[in-house]
Amino acid sequence: MFITMEGIDGCGKSTQSARLAEWLEAETGRKTIRTYEPGGWPEGDSLREFILRGKKLGDMTELLLFLADRAEHVKRVILPSLRQGLNVICERYNDSTLAYQSSGQELNPAHVRRIIRSCNFPEPNVKILMDISPEIAMSRVKSRSSNPDKFEAEGLPLMRTVSSFYRLIAEDQKEKYIVIKCDGLSEDEVFASMIAALEGRLWRSR
Ligand code: TMP
């Protein structure tokens with residue numbers, strides 16, 4: 001299984017992906033690795049720092065840097081793990097690029113989508129969207145970090161746009177997406193709702 005977790009900053013992906021990894025490993029009897037983008041490959045930290053904390057770059061430059069990061073991540077981590085029969089849970093993937101890089105001033109979604117498609121990265125079996133109100137997510141981001149990255153620093157206006165894009169993307173790929181409505185739910189409730197939806201998918205794909 002190759003599962004991706006998507007959502008705006010502060011949506012709770014990391015907490016849930018850790019719990020999901022444990023559950024998936026027990027459920028499938030296969031080792032499960034957790035990884036992330038940008039930077040989830042050996043030596044990927046410096047590219048992550050450059051993209052997230054360096055000076056503001058042009059939207060096309062930024063898009064190509066995220067894709068370069070993904071190319072290396074796919075080649076060195078994702079594909080080798082899938083080929084060994086491991087499950088892979090990846091925090092952020094193609095749809096982060098589509099949602100965030102289409103939200104700038106310079107690129108339209110159709111153009112971004114074409115460029116992503118041309119990379120031919122492997123398709124996840126299931127994509128999970130942690131759908132949360134941008135206000136709640138941003139208050140979490142503010143309380144956990146005094147040193148926000150470039151995207152977090154743009155705050156609510158960016159997160160509102162990205163959140164709307166994510167909903168459109170998930171609507172457009174209903175057969176791939178599990179959308180978890182997180183507002184008002186505890187961490188345990190979010191997890192339970194994710195597992196209930198995922199069990200249905202795994203059962204169907206067996
Ligand atoms: P995170 O690792 O804390 O989720 O932060 C990564 C940031 O990078 C987040 O603000 C979203 C952004 N991002 C993009 O804009 N495009 C991408 O393709 C990816 C992978 C991340």
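Which residues does Lys127 touch, not counting residues up to four places away in sequence? Before that is answered, it should be said that this is a predicted model, in which local features need pLDDT of at least 70 and side-chain atom pairs count only at pLDDT 80 or more, while totals for chains, interfaces and linings use all residues. Residues are numbered from 1 along each chain as its sequence is written, and side-chain values use heavy atoms, with hydrogens and water left out.

With contact taken as heavy atoms within 4.5 Å, the residues that Lys127 touches are Thr4, Asp95, Gln173, Lys176, Tyr177 and Ile178. Lys127 lies in strand β4, residues 126-131, where strands (E, at least two residues) and helices (H or I, at least four) are DSSP runs numbered from the N terminus. Lys127 counts as buried because its relative accessibility is 4%, the classes being buried under 20% relative accessible area, exposed over 50% and partly exposed in between, with a 1.4 Å probe and protein chains only.

Asp95, one of the residues touched by Lys127, also takes part in the packing of two helices. Helix α4 (residues 94-101) and helix α7 (residues 150-172) pack with their axes 8 Å apart and at an angle of about 115°, the axes being lines fitted to C-alpha atoms over the stretch in contact, and the angles running from 0 to 180 degrees between N-to-C directions. On the α4 side the contact is made by Asp95, Ser96, Leu98, Ala99, Tyr100 and Gln101, which meet Phe151, Leu158, Met159, Val162, Phe165, Tyr166 and Ile169 in α7. By class, this contact of α4 with α7 has ten nonpolar, two polar and one charged residues, where Ala, Val, Leu, Ile, Met, Phe, Trp, Tyr, Cys and Pro count as nonpolar, Asp, Glu, Lys and Arg as charged, and the others, Gly among them, as polar.

Helix α7 appears again around α2, since what covers the buried residues of α2 includes α3 (59-83) and α7. In helix α2 (residues 44-53), the buried residues are Gly44, Leu47, Ile51 and Leu52. They lie on the same side of α2 because they cover an arc of only 115° around the axis, the arc being that of the directions from the helix axis to the C-beta atoms. Asp45 and Ser46, on the other side of α2, are exposed.

The remaining theme is charge pairing. Side chains of opposite charge can pair when their charged atoms come close. The whole structure has 15 salt bridges, each being a side-chain nitrogen of Lys or Arg within 4 Å of a carboxyl oxygen of Asp or Glu. Lys176, another of the residues touched by Lys127, forms a salt bridge with Glu123, with the closest N and O atoms 2.9 Å apart. This pair links distant parts of the chain, 53 residues apart, with Lys176 in the loop between α7 and β5 (177-181) and Glu123 in the loop between α5 (109-119) and β4. Lys176 counts as buried at 19% relative accessibility, whereas Glu123 is partly exposed at 45%.

Strand β4 is also the place of Asp131, which is 50 residues apart from Lys181 in strand β5; the side chains of these two meet in a salt bridge (2.8 Å, N to O). Asp131 counts as buried at 4% relative accessibility, while Lys181 is exposed, with a relative accessible area of 53%. Arg19, Glu187 and Asp188 are joined into one network by salt bridges that share partners.
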